[in-house]
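Me: Could you walk me through this structure in plain words? I would like to ask small questions as we go.

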Amino acid sequence: MSEQPSEGPHAAGIVGVAVPHNPRARRLRSKVWNDFSKERLPDGSHVAVCHHCHKQLTASSRSGTTHLKNHLAICLSTGTRPARGRRRKLVVRRLLLRQVDQNAGPATADSTPIGYDPNAFDQETSLQDLARMIVRHGYRFSIVDDSGFRTFVTNLQPGFRIPTRESVQSDCMHIHDAARSRLRVALANLPSRVSLSADMWRSAVAGTDYLSLTCHYITDEWKLKKKILNFIQVDSASTSADITSNILEKCQEWGIEKKIASVVLDNCLYSDEVGPELLQLLHNKFDLFHVRSCAHILNLIIQESLELVRDLTDRVRASIRYVKSSQVRFIRFQEAVKQSGLEIDPRPTFLAHDTNSNNVNNNWASLYVMLESVCRYQKAFARLFEWDPEYRAYASADDWPAVSALTECLDVLYHTMEKLPTVENPTANLYFNEICAIHLLLKEWCTNRYTVVATMATQMLEKFEQYWEVNKTVMAFASILDPRYKTKSVEYFFRVVYKDPYESKSRIDGIQASFIRLYNEYAAESAGQSKNEPVFYKGTGRAGTVAGSGLDYSSGAHNKTFSRITLSDAKRGLDQYLEETSSGQTVKSDLDLYLEEAVLRNKEGRVDEASFDVLAWWRAFSAKYPVLSLMARDILGVPVSTVPLDGDARTLNDYLSTMDPVTVEGLICAQDWLRDEDEGPKAEDGTSAASGASDLNGTHGANNVDVPILTN
């Protein structure tokens, strides 16, 4: 054999003609030798000759096989591009290399990658993949009739028989049924309690109402989950009793009626009546919480209160319309900007805002953005009011200070609410401090020097305190279960919000008493399951102390001689001594231990607001606080806020609006359930490495990049 170019540092200096390897030499066990031949050179050294490019690499007993595997990973035939069949063979070989280290044993002449069959094709598996794709991404059933789709699939796999849209629909419903069974088992095996949220959706075409019932819970891995359980069509003539009955029936179908920790009614029909009725029907030995979504309620409060200052905001909108109504008026405005010493912008951002009164009033966030952009030019508008006769009917110089004060109030509310729904794990502990701060600000704004602000804040405070009385308990409990605050947040905010010392102390004591009562319920339940005596908080239960007697070797062994006293007899005195000396000590509950320890701080001694994960903390310390962790798992999963800042009426897209209610529910629920199943461990390139179904309790990311079936 003539000399060939060699690769790698081990190949340097290889010359001469190679002869075949002696078959009686040591057996070659690595599978890499399926692609190499070991041959001996005249000088006695050995080389490995690649079957594909015929390059020679060193093959001494000390060189190993790693460099051979690396060569195969980049191997191409010398001088020319491999033929299509050859390239396919090389790909197969490279797949084999990935399994060489994982599959021990001697190489064989018939070695092939495990599980790889280039000619394999499964029609049924492909149909299931197609159905999952349609459900997961919200594609139309009729995609199978599109000529582009059919051409693509046929070229990709000519053996695939494209199904009809009716067959695809049936396959999608089977996926829903199978995923529903898996979720029901997961919920049945869940040791913790769950929370329910109910809100209304509307069809974009027919105007039909739907009730969405969602389950919120924390898994054994301390991951917060939410699953849409049902998406039910609701008759417009339904009463509160009908809604209550519907929700209760679905809870019984899922087998969770005895696991409910809280009921959150968002924009549900008759929410004020349905909540108490559900609490009564679902009542068990635990306290149940009726919660109102803070984002939804605050949206309504702000929206309604802004109607009181509509005259002022209408004058601002009229001023914007005046400036952009003609080129002449815009030039006048630019001159006023110049005279006011402001920077001239050829296209101010406020000109792009919708000034239609009805549109803006239906979305207070849009109103805030408009006011915030126009307030930068308030000096220019005041100057325009002074010397432009045509502008005299619009916002005057006296209006702009009030507009600025109103904008500052809305700025606080906007940025506070904007971050609430964007947190990756929106656990219930995130809301108490923010809502208390809003409560305090509303009280301060009620005495604002500008009448428009004081009037708006007074109405907002009145409505806010109605909501606050419903939600304060569960939010305070969640704050106590945050190791960064414990009882400190409750004590601080109640003292600054309620100025009267007697009222603030009464409210703090009430929260603490309710928390202890709930803890004792969990302690009793936990002891009943473990068949041990519960340890209650602050001496409300037995401590397990027993009076002992003096040390007496002859007790129970009076017929024994001293020489026959056993080791157990000798140790009995220690047991009696421990009983005597411990009789005055009290066993502390894990709640005692938790509250006695200092609040959690970072290295700088401050509260870690950005990166702290309360669920990860409780997962790490659940063994230290066994009863309290059960309580934390249920309360931290309560969805205190469920509606985004700009969420108005929730609407189905046009595609789903034309379907029958059973199919609508099947697609919406199945898409939601498959999200966890399809998002498994991430590959190195960041893509999902999962294929097929996985545990429904797995973790999924916070951001969903797929096309949703539901649209806001």
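Me: Let's start with H54: is H54 buried or exposed, or something in between?

Reply: H54 counts as partly exposed, because its relative accessibility is 47%, which lies between the limits of under 20% for buried and over 50% for exposed. Please keep in mind that this is a predicted model.

Me: Where is H54 found?

Reply: H54 is placed in the loop between strand 3 and strand 4 (56-58).

Me: And what about the phi of H54?

Reply: The phi of H54 is near 65°, which is a positive value in a residue other than glycine. As background, most residues other than glycine have a negative phi.

Me: Which other residue has a positive phi although it is not a glycine?

Reply: W222 is one such residue, with a positive phi of about 60°. W222 is found in the loop between strand 6 and strand 7, and those two strands form a hairpin with five residues between them.

Me: Is W222 buried or exposed?

Reply: W222 is buried, because its relative accessible area is 7% and the limit for buried is under 20%.

Me: How are the two strands of that hairpin joined?

Reply: Strand 6 (residues 209-218) and strand 7 run antiparallel, and 10 bridges join them. Within this pairing, I218 stands opposite L224 in strand 7.

Me: How many residues of strand 7 are buried?

Reply: Nine of the 11 residues in strand 7 (residues 224-234) are buried, and the strand is described as mostly covered.

Me: Back to strand 3, then. Which strand is joined to strand 3?

Reply: Strand 2 (residues 36-40) is joined to strand 3 (residues 46-50) by five bridges, and the two strands run antiparallel. In this pairing, S37 has V49 in strand 3 as its bridge partner. These strands form a hairpin with five residues between them, where G44 takes a positive phi near 95°.

Me: Switching to helices, what span should helix 5 have?

Reply: Helix 5 (residues 165-188) has 24 residues and should span 34 Å at 1.5 Å a residue, so the 35 Å between its end C-alpha atoms agrees with that expectation. Several residues of helix 5 are buried, among them V168, C172, I175, H176 and L187.

Me: What does the same check give for helix 9?

Reply: Helix 9 (residues 310-323) has 14 residues and should span 20 Å at 1.5 Å a residue, and its end C-alpha atoms are 20 Å apart, so the two values agree. The buried residues of helix 9 include L312, V316, R317, I320 and Y322.

Me: R317 is charged, so which residues is R317 linked with in a network of salt bridges?

Reply: R317 is linked with E307, R310 and D314 in a network of salt bridges.

Me: How many salt bridges does the structure hold?

Reply: The structure holds 25 salt bridges. One of them joins the side chains of E372 and R376, with 3.2 Å from N to O, and E372 counts as partly exposed because its relative accessibility is 28%.

Me: Which residue does K472 form a salt bridge with?

Reply: K472 forms a salt bridge with E469, and the closest N and O atoms are 3.0 Å apart. Both residues lie in helix 16 (residues 451-480), where they are three residues apart, about one turn of the helix.

Me: Are K472 and E469 buried or exposed?

Reply: K472 is buried, because its relative accessible area is 13%, whereas E469 counts as partly exposed at 38% relative accessibility.

Me: And which partner does K588 have?

Reply: K588 forms a salt bridge with E596, the closest N and O atoms being 3.1 Å apart. K588 counts as partly exposed, since its relative accessibility is 47%.

Me: How many disulfides are there?

Reply: The count comes to zero disulfides. For C251, the nearest cysteine sulfur is that of C215, which is 8.6 Å away, while a disulfide would need the two sulfur atoms within 2.5 Å. C251 counts as buried because its relative accessibility is 1%, whereas C446 is partly exposed with a relative accessible area of 22%.

Me: Last one: which residues make the nonpolar surface patch?

Reply: The patch is made by L574, Y577 and L578, and its area is about 320 Å². L574 has its place in helix 19 (residues 567-581).

Definitions and conventions
Residues are numbered from 1 along each chain as its sequence is written. This is a predicted model: local features need pLDDT of at least 70, side-chain atom pairs count only at pLDDT 80 or more; totals for chains, interfaces and linings use all residues. Side-chain values use heavy atoms; hydrogens and water are left out. Patches are made of residues with over 30% relative accessible area and no salt bridge: like charges are joined within 9 Å, nonpolar side chains (Val, Leu, Ile, Met, Phe, Trp, Tyr) within 5 Å. Accessible areas come from the Shrake-Rupley method with a 1.4 Å probe; for residues, only the protein chains shown count as cover. A salt bridge is a side-chain nitrogen of Lys or Arg within 4 Å of a carboxyl oxygen of Asp or Glu. Helices (H or I, at least four residues) and strands (E, at least two) are DSSP runs, numbered from the N terminus. Buried means under 20% relative accessible area, exposed over 50%, partly exposed in between (1.4 Å probe, protein chains only). The expected span of a helix is 1.5 Å times one less than its number of residues. Two strands pair if DSSP finds at least two bridges between them.
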